[in-house]
Amino acid sequence: MISKLPVNCPFCEEEVDFEWSKYIVDQEKYHGEVENTIECDELECPHCHEVFNVFGSVYEAPKGTYSYHELSGEPIQD
Ligand SMILES: [Zn+2]
């Protein structure tokens with residue numbers, strides 16, 4: 001299971017803890033490891049109130065046990 005994990009706000013660099021499990025768009029199993037692909041649009045930073053997109057992956061090994069994550073916040077392009 002994925003609990004709250006931090007991503008760095010691209011505007012103020014503060015860590016934003018967020019529950020990502022609702023934003024899993026894909027899940028793939030490798031050898032004993034599960035990659036959960038995360039995409040989240042328009043997350044508001046609680047520190048500076050800028051809005052940004054988040055994408056990346058949260059890994060579980062074995063399934064159900066948090067291993068590590070790579071998430072990045074990107075300013076929204078329009
Ligand atoms: Zn911020």
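User: How do β3 and strand β4 pair, and over how many bridges?

Analyst: Start with the general idea. Strands of a sheet pair through backbone hydrogen bonds, either parallel or antiparallel. In this predicted model, β3 pairs with β4 (residues 34-44) in the antiparallel sense, over five bridges. Take one bridge as a landmark: Asp26 has Thr37 as its partner in β4.

User: What sits between the two strands of that hairpin?

Analyst: Four residues lie between β3 and β4. One backbone angle there deserves a look: Gly32 takes a positive phi near 70°.

User: Which strands make up the open sheet, and in what order?

Analyst: Four strands form it, in the order β3-β4-β5-β6, with antiparallel pairing. β3 (24-29) and β6 stand at the edges; each has a single partner strand, so one side of each is left without a neighbour in the sheet. Neighbouring strands are turned by 15° against each other on average, direction ignored.

User: How many bridges join β5 and β6?

Analyst: Nine, again in the antiparallel sense, with β5 spanning residues 51-60. To find the register, use Phe55: its bridge partner in β6 is Ser72.

User: Is β3 buried or in the open?

Analyst: Count its buried residues. Of the six residues of β3, the number buried is zero, so β3 lies largely in the open. For the chain as a whole, 14% of the 78 residues count as buried.

User: Which residues make up the largest nonpolar core?

Analyst: The general idea first. In soluble globular proteins, nonpolar side chains tend to be buried together. Here the largest nonpolar core has eight residues: Val7, Cys9, Val16, Trp20, Ile38, Phe52, Val54 and Val58. β5 gives the most to this core, with three residues.

User: What does Val16 touch?

Analyst: Leave out residues up to four places away in sequence. Val16 then touches Pro6, Val7, Cys9, Cys45 and Pro46. Val7 and Cys9 are also members of the core.

User: Where is Ala61, and how exposed is it?

Analyst: Ala61 is in the loop between β5 and β6. Neighbour counting settles the exposure: 15 other C-beta atoms lie within 10 Å, so Ala61 is partly exposed. Beyond four places in sequence, Ala61 is in contact with Gly32, Glu33 and Ser67. Gly32 is the residue with positive phi in the β3-β4 hairpin. Now compare sequence and space for another pair: Ala61 and Glu44 are 17 residues apart along the chain, and their C-alpha atoms are separated by 30 Å.

User: Where does Gln77 sit, and why does it count as exposed?

Analyst: Gln77 is in the segment after β6 (66-75). Gln77 has 5 C-beta neighbours inside 10 Å, so it counts as exposed. Pro10 is 67 residues away in sequence, yet the C-alpha atoms of Gln77 and Pro10 are 13 Å apart in space.

User: What do the radius of gyration and the box say about the chain?

Analyst: A compact globule of 78 residues would have a radius of gyration near 12 Å; the chain has 13 Å, which agrees. The C-alpha atoms fill a box of roughly 40 × 25 × 15 Å along the principal axes. As for content, the chain has zero helices and six strands.

User: Where is confidence lowest, and where is it highest?

Analyst: Keep the general rule in mind. Where pLDDT is low, the predicted coordinates should not be read in detail. In this chain the mean pLDDT is 94, and 99% of residues reach 70 or more. Confidence is lowest in strand β2 (residues 15-19), at a mean of 94, and highest in β5, at 97.

Conventions
Residues are numbered from 1 along each chain as its sequence is written. This is a predicted model: local features need pLDDT of at least 70, side-chain atom pairs count only at pLDDT 80 or more; totals for chains, interfaces and linings use all residues. A residue is buried if 20 or more other C-beta atoms lie within 10 Å of its own, exposed if 12 or fewer, and partly exposed in between; C-beta atoms are placed from the backbone. Two strands pair if DSSP finds at least two bridges between them. Axes are lines fitted to C-alpha atoms, for helices over the stretch in contact, and angles run from 0 to 180 degrees between N-to-C directions. pLDDT is the predictor's confidence in each residue, from 0 to 100. A nonpolar core is a set of buried Ala, Val, Leu, Ile, Met, Phe, Trp, Tyr and Cys residues joined through C-beta atoms within 7 Å. Two residues are in contact if their C-beta atoms, placed from the backbone, lie within 7 Å. The radius of gyration is taken over C-alpha atoms; the globule rule is 2.2 Å times the number of residues to the power 0.38.
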